[in-house]
Every structure is written in C-alpha cells, then in structure tokens.
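Here is a set of short exercises for you, each with a worked solution. Have the sequence and the structure open as you go, and try each task before you read on.

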There are 2 protein chains.
Amino acid sequence: MEQTFIDLAVTSWSGVTGRLDKFFAGHDEEQLLKQVAPGRNRLFYLLGHLTAIHDRMLPLLFLGERLHPELDECYIANPDRTLPDPLTAAELKQAWTDVNAALLAGITKFSTQDWLARHSAVSEEDFAADPTRNRFTLLLNRTNHASFHLGQAILTRAK
Amino acid sequence: MEQTFIDLAVTSWSGVTGRLDKFFAGHDEEQLLKQVAPGRNRLFYLLGHLTAIHDRMLPLLFLGERLHPELDECYIANPDRTLPDPLTAAELKQAWTDVNAALLAGITKFSTQDWLARHSAVSEEDFAADPTRNRFTLLLNRTNHASFHLGQAILTRAK
C-alpha cells in the first residue's frame, strides 16, 4: 500500500512540472524577458533556475550524471541579470524537458526502499541520525519549490 | 511503512504553513496592504484566501464544521479590493492560526485507510471510478497551493 502514497506524490510532482511546461511553452524568447514584478526575476531566469535545481536532483537521487551543470553559475550562484544567459530560450526549454524526463524515468523505477534511502547530499552518518532526509522528502521539497516559482511566474499573465 | 510516507507529507504541509506563519507574523496591518506586484493581490488578501481555503479543508476531510465560512465571499468568490475585509489583521491572523491548528489536530489522527478514503467533494460513485481523489491527494494539492502563494508573498520583501 505504500506504493499508492508514492504514486500520489509522483503525480503531484508531475502535475506541477506539467503546469510549468505548459506555461513556459506558451512564451517565446521575448516574452520570457518579462519580470515577475518590477526589478525581480525574469521568466527566463526562473526557467533556468528550475532547470538547474531539477538537474541537480539527478545525482542527488543517484540517477546519474547531470545533463546541464553549466546552468548553476548563472541561475543558482548568481541573481538574475548578473551573467549572460548561457543558452537560448529554445535550448533552455529543451534542457528543462530533458531533465524532467530523465528524472521521471528514474524515479518511477524506485522501490519503496529506494524512496526511504538517503539522497547523496546527506552522509550515511547524518542519515542514521535523521532518516527523514530521504529521497521522498527531497521530492516533496522540490515539488513545493516548483510550486513556489510557478506562483511567481503566473503574475506575468494579463489579468 | 506507509505511515512513514504519510508523516513526511504532513511534515511538508507543516513546513509550508510554518513558513507562511512566520512570514505573516512579521507583518502588521499596514504592511499587509502591500501588493505582491503592482495591481495584484495585497498580502492581506493572500492571508484571507489561504485561511479560507484551509478552513474549507475541515469539512472536505470530514473533520467537522468550518470555523470561518464568512471569509469565502471576500477571499474566494471575489478578487482583491472588491469587498471590504471582514476581519482586522489581528483577527485574520488568529483565524489562520486556529484553522491550521484544527486541521493538524485532525489529520494527525488519520489512519492509513483514512488518508486513502474520499474527501467530501467527491461522490462515492466518482470516487469508485477514480480512487486517487482521496484525502492524501488533497493534502498534497493544498501544500502546493500554499507554496504557490508563498512564492508570491515573498516578492514584497526588500531585496
């Protein structure tokens, strides 16, 4: 029965990434330059940030090497408009799609035990002390993170 | 073992509502008048909206009567600045605290089977056709909803 709870959490993750897919697919290069509020992040930055954070989940979940480590400097280490965007809008959208596809292919193969195992940013010692720092918690946290930025992105829509 | 997955989802819910608690507690009546972006929702409206949506979860999860049904007209049925706020900031913050406390007290008593049972907005017939429309899904969806608006609220912070 634990599989049911896992499936529902994966559905929640896919639901949020799917809403973001749809949102970003409807924006061309120029529209991605819109800021969520005056002086705040461009949609382009949010897409880069979300792609980089999801890409990092691949090694965190022991699902293999990252696909786009080149995004971190621009979209995690620095605030918006500090560095030039390393990819075009079309390339970044493709990266977003590829990263999420790789993640979903990996996590849908996880066993119950895999979900309760540590993610790679926690040492075995720290994990023994706090077993809630597992892959299921990581998925829930990243689902919330994606929802958080979706709420911001939506503000650029005409009322 | 399913209890572990349930506990982690409840922790995720509490984490997001806790971040919102902290955020709103740091804002007085005047600060709550800030809009998340020009012409967009005031923080006051977001607090009212989240309180109303969480209050609705009480009957949805068969946890009893609503505590603040008077909020719906202002914060769900109508956009911001359509109707006068029915409560003061202090009263609304108290309502937010009370509603979340009642919810948490209720859901922490749920059995595994309770979580997989229907919520009250789904008929027994519809639920038989789609058993994913259960209380666990509702919790995950409302956690995402709270994260979505937290992302917006945060935009009012000084950079």
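The exercises below deal with a predicted model, and they go from the chain contact to helices, salt bridges and loops.

**Exercise 1. The contact between the chains**

Describe the interface of chain A and chain B: how much area is buried, and which residues and elements take part?

Solution.
- Step 1: Start with who takes part. Chain A gives 37 residues to the contact, and chain B gives 37 residues.
- Step 2: Turn to the area. The two chains bury about 2,900 Å² between them, and 68% of this is on carbon and sulfur atoms.
- Step 3: Look for polar links. There are 10 residue pairs in polar contact across the interface, with both residues of a pair at pLDDT 80 or more.
- Step 4: Find the elements. On the side of chain A that touches chain B, two or more residues come from each of helix H1 (2-25), helix H5 (112-116) and helix H7 (135-153) of chain A. H7(A) gives the most, with 10 residues.
- Step 5: Sort that side of chain A by class. You should find 18 nonpolar, 13 polar and six charged residues.
- Step 6: Count the salt bridges between chain A and chain B. The count is zero.

**Exercise 2. Two helices of the interface**

Check the span of H1(A) against the expected value, do likewise for H7(A), and then see what is buried in each helix.

Solution.
- Step 1: Take H1(A), with its 24 residues. At 1.5 Å a residue the expected span is 34 Å, and the end C-alpha atoms are 34 Å apart, so the two values agree.
- Step 2: Take H7(A), with 19 residues. From its first C-alpha to its last it reaches 27 Å, close to the 27 Å expected at 1.5 Å a residue.
- Step 3: List buried residues of H1(A). Among them are Phe5(A), Leu8(A), Val10(A), Trp13(A), Val16(A), Leu20(A), Phe23(A) and Phe24(A). The polar residues Ser12(A) and Thr17(A) are buried as well.
- Step 4: Bring in helix geometry. An α-helix has 3.6 residues a turn, so residues three or four places apart point the same way.
- Step 5: Judge the cover of H7(A). This helix is mostly covered, with 17 of its 19 residues buried.
- Step 6: Look at the start of H7(A). There, a side-chain oxygen of Asn134(A) comes to within 3.2 Å of the backbone nitrogen of Phe136(A).

**Exercise 3. Salt bridges and their surroundings**

Find the salt bridge of Arg56(A) and Asp72(A), then that of Arg81 and Asp80 in chain A and in chain B, and decide whether each partner is buried or partly exposed.

Solution.
- Step 1: Get the total. Over all chains, the count comes to 14 salt bridges.
- Step 2: Place the first pair. Arg56(A) and Asp72(A) meet with N and O 3.1 Å apart. The pair links distant parts of the chain, 16 residues apart: Arg56(A) is in helix H2 (residues 43-60) and Asp72(A) in helix H3 (residues 72-75) of chain A.
- Step 3: Apply the cut-off of 20% for buried. Asp72(A) has 13% relative accessibility and therefore counts as buried, while Arg56(A), at 34%, counts as partly exposed.
- Step 4: Go on to Arg81(A) and Asp80(A), whose side chains meet at 3.0 Å, N to O. Asp80(A) is buried at 9%, and Arg81(A) is partly exposed at 43%.
- Step 5: Turn to chain B. The closest N and O atoms of Asp80(B) and Arg81(B) are 3.0 Å apart. Asp80(B) is buried at 9%, and Arg81(B) is partly exposed at 42%.
- Step 6: Follow shared partners in chain A. Arg42(A), Asp80(A), Arg81(A) and Asp85(A) are joined into one network.

**Exercise 4. A loop residue in each chain**

Locate His27(B) and Arg133(A), and state which residues each one contacts beyond four places in sequence.

Solution.
- Step 1: His27(B) sits in the loop between helix H1 (2-25) and helix H2 (43-60) of chain B. Its relative accessibility is 11%, so His27(B) counts as buried.
- Step 2: The His27(B) side chain reaches the backbone oxygen of Phe23(B) at 2.7 Å. Farther along the sequence, His27(B) contacts Leu32(B), Leu43(B), Lys93(B) and Thr156(B).
- Step 3: Arg133(A) belongs to the loop between helix H6 (124-129) and H7 of chain A. With 35% relative accessibility, Arg133(A) counts as partly exposed.
- Step 4: The contacts of Arg133(A) beyond four places are Arg118(A), His119(A), Val122(A), Asp126(A) and Phe127(A).

How values were computed
Residues are numbered from 1 along each chain as its sequence is written. Chains are lettered from A and ligands numbered from 1 in the order in which they are written. This is a predicted model: local features need pLDDT of at least 70, side-chain atom pairs count only at pLDDT 80 or more; totals for chains, interfaces and linings use all residues. Side-chain values use heavy atoms; hydrogens and water are left out. Contact means heavy atoms within 4.5 Å. Buried area is the accessible area (1.4 Å probe) that two parts lose on being put together, summed over both. A salt bridge is a side-chain nitrogen of Lys or Arg within 4 Å of a carboxyl oxygen of Asp or Glu. A polar contact is a pair of N or O atoms within 3.5 Å; within protein, one must be able to donate a hydrogen and the other to accept it, and residues adjacent in sequence count only if both atoms are side-chain atoms. Helices (H or I, at least four residues) and strands (E, at least two) are DSSP runs, numbered from the N terminus. The expected span of a helix is 1.5 Å times one less than its number of residues. Buried means under 20% relative accessible area, exposed over 50%, partly exposed in between (1.4 Å probe, protein chains only).
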